[in-house]
Amino acid sequence: MSDLVNHPQHYAEHYDHEVIELTQHLSFCLGNAVKYILRAPFKGTELLDLQKAEWYVRRMVDEFSADECRAQVIARRGNFSSILCSFRNALVTELVLACGRGDKASLNAVLSDLRENINRRK
């Protein structure tokens with residue numbers, strides 16, 4: 001039986017790391033966007049999860065400041081980069097990197113890619 005609280009099967013079966021190992025290094029909005037993107041294909045609520053991720057990314061874009069955006073990536077200690085890469089999700093990687101650079105243009109590009117993903121599922 002799956003432990004839906006401590007080790008959700010929808011993460012454990014598909015990734016080398018649990019999503020919390022990545023999101024604990026991110027701010028609330030960025031972490032939630034990442035979480036919704038990574039779990040979208042596995043919980044049966046893909047469109048809804050992508051729409052929730054879009055909501056968080058849009059909030060980051062609307063309230064953008066380069067310093068605050070860079071602060072979204074709270075810590076890069078230990079094996080943060082290898083954990084990020086282990087999820088093999090280009091959208092998540094670009095989202096985290098755009099925030100880390102404080103790059104609004106890249107953040108808007110991620111938002112556009114996310115919107116395209118949502119439109120394909122409608």
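**Helix α8, cysteines and aromatic pairs**

User: At the start of α8, which backbone nitrogen does a side-chain oxygen of aspartate 103 reach?

Analyst: A side-chain oxygen of aspartate 103 reaches to within 3.1 Å of the backbone nitrogen of alanine 105, at the start of α8. The model is predicted, so local features need pLDDT of at least 70 and side-chain atom pairs count only at pLDDT 80 or more, while totals for chains, interfaces and linings use all residues. Residues are numbered from 1 along each chain as its sequence is written, and side-chain values use heavy atoms, without hydrogens and water.

User: How do you know what span is expected of α8, and how far does the helix reach?

Analyst: Helix α8 (a DSSP run of H or I, at least four residues, numbered from the N terminus) covers residues 104–121 and has 18 residues. The expected span is 1.5 Å times one less than the number of residues, and the 26 Å from the first C-alpha of α8 to the last is close to the 26 Å expected.

User: Which residues of α8 are buried, and what puts them on the same side?

Analyst: Ser106, Leu107, Val110, Leu111, Leu114, Asn117 and Ile118 are the buried residues of α8 (under 20% relative accessible area; exposed is over 50%, partly exposed in between, with a 1.4 Å probe and protein chains only). Around the axis they cover an arc of only 145°, which is why they count as being on the same side of α8; the arc is taken from the directions from the helix axis to the C-beta atoms. On the other side of α8, Ala105 and Arg120 are exposed.

User: Why is there no bond between the sulfurs of cysteine 69 and cysteine 99?

Analyst: A disulfide requires two cysteine sulfur atoms within 2.5 Å, and the sulfur of cysteine 69 is 3.7 Å from that of cysteine 99, its closest cysteine sulfur, which is therefore too far for a bond. Cysteine 69 is also buried, at 5% relative accessibility. The structure holds 0 disulfides. Cysteine 29 is in none, with the nearest cysteine sulfur, that of cysteine 99, 9.7 Å away.

User: What makes the pair of tyrosine 15 and phenylalanine 87 edge-to-face?

Analyst: The whole structure has 5 aromatic pairs. Tyrosine 15 and phenylalanine 87 lie 4.9 Å centre to centre with 65° between the planes, and rings of Phe, Tyr and Trp (its six-membered ring) pair if their centres lie within 6.5 Å, with planes over 60 degrees apart called edge-to-face, under 30 stacked and the rest tilted. Both tyrosine 15 and phenylalanine 87 are buried.

User: Why is the pair of phenylalanine 28 and tyrosine 56 given its class?

Analyst: The ring centres of phenylalanine 28 and tyrosine 56 are 6.0 Å apart and the planes stand at 75°, so this pair is edge-to-face. The pair links helix α3, which holds phenylalanine 28, to helix α4, which holds tyrosine 56, 28 residues apart. Phenylalanine 28 is exposed, at 62% relative accessibility, whereas tyrosine 56 is buried, at 13%.

Definitions and conventions
Helix = DSSP H or I, 4+ residues; strand = E, 2+ residues; numbered from the N terminus. Polar contact = N/O pair within 3.5 Å; in protein donor to acceptor, adjacent residues only side chain to side chain.
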